[in-house]
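This report describes a predicted model. It takes up the arrangement of the domains, the surroundings of the ligand and one helix.

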Amino acid sequence: MVEFSLTEEQRSLQDLARKFAKTEMLPVAAACDREGRFPEDVYRKAWELGLMNLNVPTEFGGSGLSVFDQCLIVEELARACGGMTTSIIANCLALEPILLGGSDEQKKRTLPAFCSSYHLASFCLTEPGGGSDAAALQTRCRRDGDAYVLDGEKCFITNGPHASLYTVFATADPALRHKAISAFFVPRDAEGITPGKDEDKMGHRASSTSTVRFERVRVPVTDRLGAEGDGFALAMQTLDHTRTPIGALATGIAQAALDYAAEYATKRRSFGKPIGEHQAIQIKLANMAQDLHAARLLTWQSAWWIDQGNRGSLESSIAKCYASDAAMRVADDAIQIFGGYGYMKDYPVEKLLRDAKLTQIYEGSNEIQRIVIARELLSRYA
Ligand SMILES: Cc1cc2nc3c(=O)[nH]c(=O)nc-3n(C[C@H](O)[C@H](O)[C@H](O)COP(=O)(O)OP(=O)(O)OC[C@H]3O[C@@H](n4cnc5c(N)ncnc54)[C@H](O)[C@@H]3O)c2cc1C
């Protein structure tokens, strides 16, 4: 049985996110992008409305939403601003290792704080030496009595300077690669943590991205997630769950690009008629619509598949990879339809291209997604 209609509850979630995006995010999106401003007031309001911590079960005070429902919200937010959406959903990424690998006691100790008041968390996997080859990470965890001592540096960490909790992946022995990686949660006030300055980025400029340095940070053994050596698998399982919402984020950017372009095509005139009456522009709009629909359907299918309790590596990689490539194509065509104005910062479409670009890079670059897809595929024929 395949069903594409949304329930009343899903439509009201979508409406809530759409209204919030239109009234709170869109009016400040261009200024935040221009100034590289982190609009904490917007994030607080998102938290108040329950638009953060979407994956945290209701028993801990979160929204307890399925991946599908998360995608509905993320797409609507991203229509207004990809960067703000990245910061709003960063808690879902950072808290997912706790949801997947934490004991009941650890969940009770960490999760309710994020739901009873506004706090941000960061997922710390990537390092300056490389992100794609996560098993090669160098941040060390050395056992010392009833604690581990963490040493190393993470980079490109979303919300890094603003987080009150970090989920950190570290190795007992880099030579053992994935087998020696463990995961920990570390409160910001632990001694020895230094977030770096905000990176000056091409897009997603309303989001904050920084290094986070860990110097002789003592982490109690009780704050390790899962068993020693479980960290790599936990990071991969986390990304299997969070990549699909990145597909939704890319879909939201593509939807915004198509909306702007289609409207412009009805107003802008050349050779005595609206440019939308020229077949070359119609073909572009038709291609954009096809890309957009395919991105949304792949995202929805992946979300549904994961919500059925399946692993979803293949599906989430296909959704994220296709939707992000589609967002780039659609944003590019939107600029072309706007002509010279599309290239100007006074118009909204060039930001969409800059924001779309990140979706091809983070949560695993699209080259890595294609490796995952090919591996999964080939294993079925071996
Ligand atoms: C704005 C932003 C926010 C981010 N937020 C977070 C965060 O919150 N937490 C976090 O942990 N990380 C975060 N990241 C990091 C992101 O996930 C990595 O940048 C990404 O995984 C790529 O790693 P890298 O930048 O080290 O590139 P590299 O791994 O150095 O790769 C460089 C290039 O080589 C390609 N490549 C690498 N290996 C292969 C291969 N085997 N085959 C083919 N091509 C290959 C890559 O696809 C890429 O094109 C963020 C990044 C950015 C830019």
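The centres of domain 1 and domain 3, taken over C-alpha atoms, are separated by 20 Å. Each side gives 22 residues to the contact between domain 1 and domain 3. On the domain 1 side, helix H3 (67-80) and helix H4 each supply at least two of the residues that touch domain 3. That side of domain 1 is made up of 11 nonpolar, 6 polar and 5 charged residues. The full division of the protein is domain 1 (8-116), domain 2 (120-228) and domain 3 (233-379).

The ligand lies between domain 2 and domain 3, because both of these domains give residues to the shell around it. There are 23 residues around the ligand, and those that come nearest are Thr126, Gly131, Ser132, Ser365 and Glu367. Two or more shell residues come from each of strand S1 (120-124), strand S3 (147-158) and helix H10 (366-379).

The table sets out the residue classes for the two sets.

| Set | Nonpolar | Polar | Charged |
|---|---|---|---|
| Shell around the ligand | 10 residues | 10 residues | 3 residues |
| Side of domain 1 that touches domain 3 | 11 residues | 6 residues | 5 residues |

Helix H9 (residues 349-359) is mostly covered, with 9 of its 11 residues buried. The buried residues include the charged Glu350, Lys351 and Asp355, and among the others are Val349, Leu352, Leu353 and Leu358. The packing partners of the buried H9 residues are helix H1 (8-35), helix H4 (82-101), helix H6 (231-267) and helix H8 (313-338). Helix H4 also supplies residues to the side of domain 1 that touches domain 3.

Conventions. Residues are numbered from 1 along each chain as its sequence is written. This is a predicted model: local features need pLDDT of at least 70, side-chain atom pairs count only at pLDDT 80 or more; totals for chains, interfaces and linings use all residues. A residue is near a molecule or strand if its C-beta atom, placed from the backbone, lies within 6 Å of it. Helices (H or I, at least four residues) and strands (E, at least two) are DSSP runs, numbered from the N terminus. Domain bounds come from an automatic or database domain assignment. A residue is buried if 20 or more other C-beta atoms lie within 10 Å of its own, exposed if 12 or fewer, and partly exposed in between; C-beta atoms are placed from the backbone. Two residues are in contact if their C-beta atoms, placed from the backbone, lie within 7 Å.
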